[in-house]
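Please open the model in the viewer and keep the sequence panel visible. The tour below proceeds by selection, one stop at a time.

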Amino acid sequence: MNNTLIIGQYVPGDSIVHRLDPRTKITIIFFFVFIVFFANNVAGYSLLTVFALTCMLTSKVPIRFIIKGLTPVWFLIVFTFILHLFVTKEGTVILDFWIFEFYSGGVVQGFAISIRFFLLILVTSLLTLTTTPIEITDAIEDMLHPLKRFKFPVHELALMMSISLRFIPTLMQETDKISKAQASRGVDFRTGPIRERIKAIVPLLVPLFVSAFKRAEELAMAMEARGYQGGEGRSKLRELKIEKRDIFVLILFILVVAGLILARMYG
Amino acid sequence: MRKKIIEFRNVSFRYGDEGPWVLKNCSFEIYENEWVAIIGHNGSGKSTIAKLLNGLLFPQEGEIIIDGEVVNEESIWNIRKEVGMVFQNPDNQFVGATVQDDVAFGMENRGVPREEMKKRIIDTLAAVGMQDYRLTEPHRLSGGQKQRVAIASVLAIAPKVLILDEATAMLDPSGRQEIMQTVASIQGREKLSLITITHDLQEVAQADRVIVMNSGEIWKEQTPREVFSQKEALREIGLDVPFVAILAGELKQAGVAISTEPLNHKELLEDLWTLHSRT
């Protein structure tokens, strides 16, 4: 079994982007998603692009990981661009070809939407590339903390997330083992019509579910034996700390937002 | 007079109201600093004893007293502070995302302050020889290493009793040896009563006392040496007699004057090579 299995896409590193508090990163990305739709001119888009690319470069994540993150959406970006070319009927006609007329507005609109997509994907994948899943879980638990007042089970949710993350590799190893065991008994997962292949999944899923339930039961007992009694009165080993660099980056981001508003007003 | 840590008083237990009795009128005591092995074949009730000791189950009849406190719904949280438990499956008791998170889990549950936790993580991981793996994820560890982490996470809460419930059953021979060595070194160092539950006679050799279970009853309470000498009876209740004991028995029958009942290969060897000088 693959021993170098990495959950999510985390690329270990020691850059400032890696060391930022996960809450800072999530906050910035949350607002970035909004302001991307706020840009409406060249100055605005350039500002956002410069910001995103700076983040990318300072993270020192090898470019191939970022390209890998973008691969599934390339198609979407190109598709929206082409769609805008055909559908938008604004500006002047720049090309008349057979029954189609391409307008300048279509090109501009297509570019704008594609850039938006690109920036969104780039920034969000930077989060998962530079932050471990467990850090993200911690950040979410901390940020949802105010909801506790409304009886929202924040601690339980975070614990469920972290236990699921911890068991993903275990269950994957188990799946591998079961599929080999079933293959040795003659189950064919790889060839034949799609209907047959879907049917072949059943002898894989049933033992996997049975064992997952058994694991859950044993884990619950082990947790109880170790004194787990819910979120009350618990202390935490991992701590999140806002450092100077977090404040610095947040100020920088606020400046970017301000710049964007200026660009929209005067652009 | 040694201090009693655990006392079973006429304990009977069954799952549900209709089921057969899994434990029948069991009484025994375990003292401070003692290493007791509980052995029996599958279904002899040995694992039920472990769960009763930790308040995961409650007896229908009789009572269990741990460190002067009767085990019941109110006292279980105190009891679980005193009694730590390591289970059979290395994967299904690993809660944390990394080794240090897992060791911290028990302490977090008890609200131990962060600085104290960090110190104890380092100490207990060193005690089980896992100090180099503090930030490792569980799927990169072997079964034996995971069990050592499980022992460390129990030690971190400084219990008075450590129970290993078939903790070596799912490990390969080297993992087994790893755990038994770890346990022996910890028992020598710390003030801790140790209960190892097993169906493998080889693992009882180092214990001070052995409780042999058979179909829910205490069959024998003896030293390992006494237990090893009763090969026929052990086989009758479904336990595998270790090779050393079989060999020693055959040698005796063949007329070789072996002085003691050997517990391991080394003792038998010692006996054999000094045989000539003795006779």
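In what order do the six strands of the open sheet of chain B stand? The order is E6-E7-E8-E3-E9-E10, with mixed pairing. Helices (H or I, at least four residues) and strands (E, at least two) are DSSP runs, numbered from the N terminus, and two strands pair if DSSP finds at least two bridges between them.

Two notes apply throughout. Residues are numbered from 1 along each chain as its sequence is written, while chains are lettered from A and ligands numbered from 1 in the order in which they are written. The model is predicted: local features need pLDDT of at least 70 and side-chain atom pairs count only at pLDDT 80 or more, whereas totals for chains, interfaces and linings use all residues.

**The mixed sheet of chain B**

Select strand E6 (83-86) and strand E10 (217-222) of chain B. Each stands at an edge with a single partner strand, so one side of each has no neighbour in the sheet. On average, neighbouring strands here are turned by 20° against each other, direction ignored; axes are lines fitted to C-alpha atoms, for helices over the stretch in contact, and angles in general run from 0 to 180 degrees between N-to-C directions.

Next, select strand E3 (residues 35-39) and strand E8 (residues 193-198) of chain B, which run parallel and are joined by five bridges. B:Ile38 has B:Ile197 in E8(B) as its bridge partner.

Add helix H1 (residues 46-53) of chain B. H1 packs on this sheet, touching E3, E6, strand E7 (161-165), E8 and strand E9 (209-214) of chain B, and its direction makes about 145° with that of E7(B). Contact between two residues requires C-beta atoms, placed from the backbone, within 7 Å.

**The antiparallel sheet of chain B**

Keep H1(B) displayed: it also lies across E1, E2 and strand E4 (61-66) of chain B, running at about 120° to E1(B). These strands belong to an open sheet of four, ordered E2-E1-E4-E5 (chain B), with antiparallel pairing. Strand E2 (23-31) and strand E5 (69-70) of chain B are the edge strands, each pairing on one side only. Strand E1 (residues 4-13) of chain B pairs with E2(B) over six bridges; in E2(B), B:Cys26 is the bridge partner of B:Val11.

**B:Gly143**

Select B:Gly143, in helix H5 (residues 143-155) of chain B. Is B:Gly143 buried or exposed? B:Gly143 counts as partly exposed because 19 C-beta neighbours lie inside 10 Å; a residue is buried with 20 or more other C-beta atoms within 10 Å of its own, exposed with 12 or fewer, and partly exposed in between, C-beta atoms being placed from the backbone. Not counting residues up to four places away in sequence, B:Gly143 touches B:Pro90, B:Met170, B:Leu171 and B:Gly175.

**Where chain B meets chain A**

Show both chains: 30 residues of chain B are in contact with 28 residues of chain A. Helix H2 (76-82), helix H3 (99-109) and helix H4 (114-127) of chain B each give two or more residues to this side of chain B. The largest share, seven residues, comes from H3(B).

**Helix H6 of chain A**

Finally, select helix H6 (residues 133-143) of chain A. Eight of its eleven residues are buried, so the helix is largely enclosed by the rest of the structure. Among them are A:Pro133, A:Ile136 and A:Glu141. The buried residues of H6(A) pack against helix H2 (22-36) and helix H7 (154-184) of chain A.
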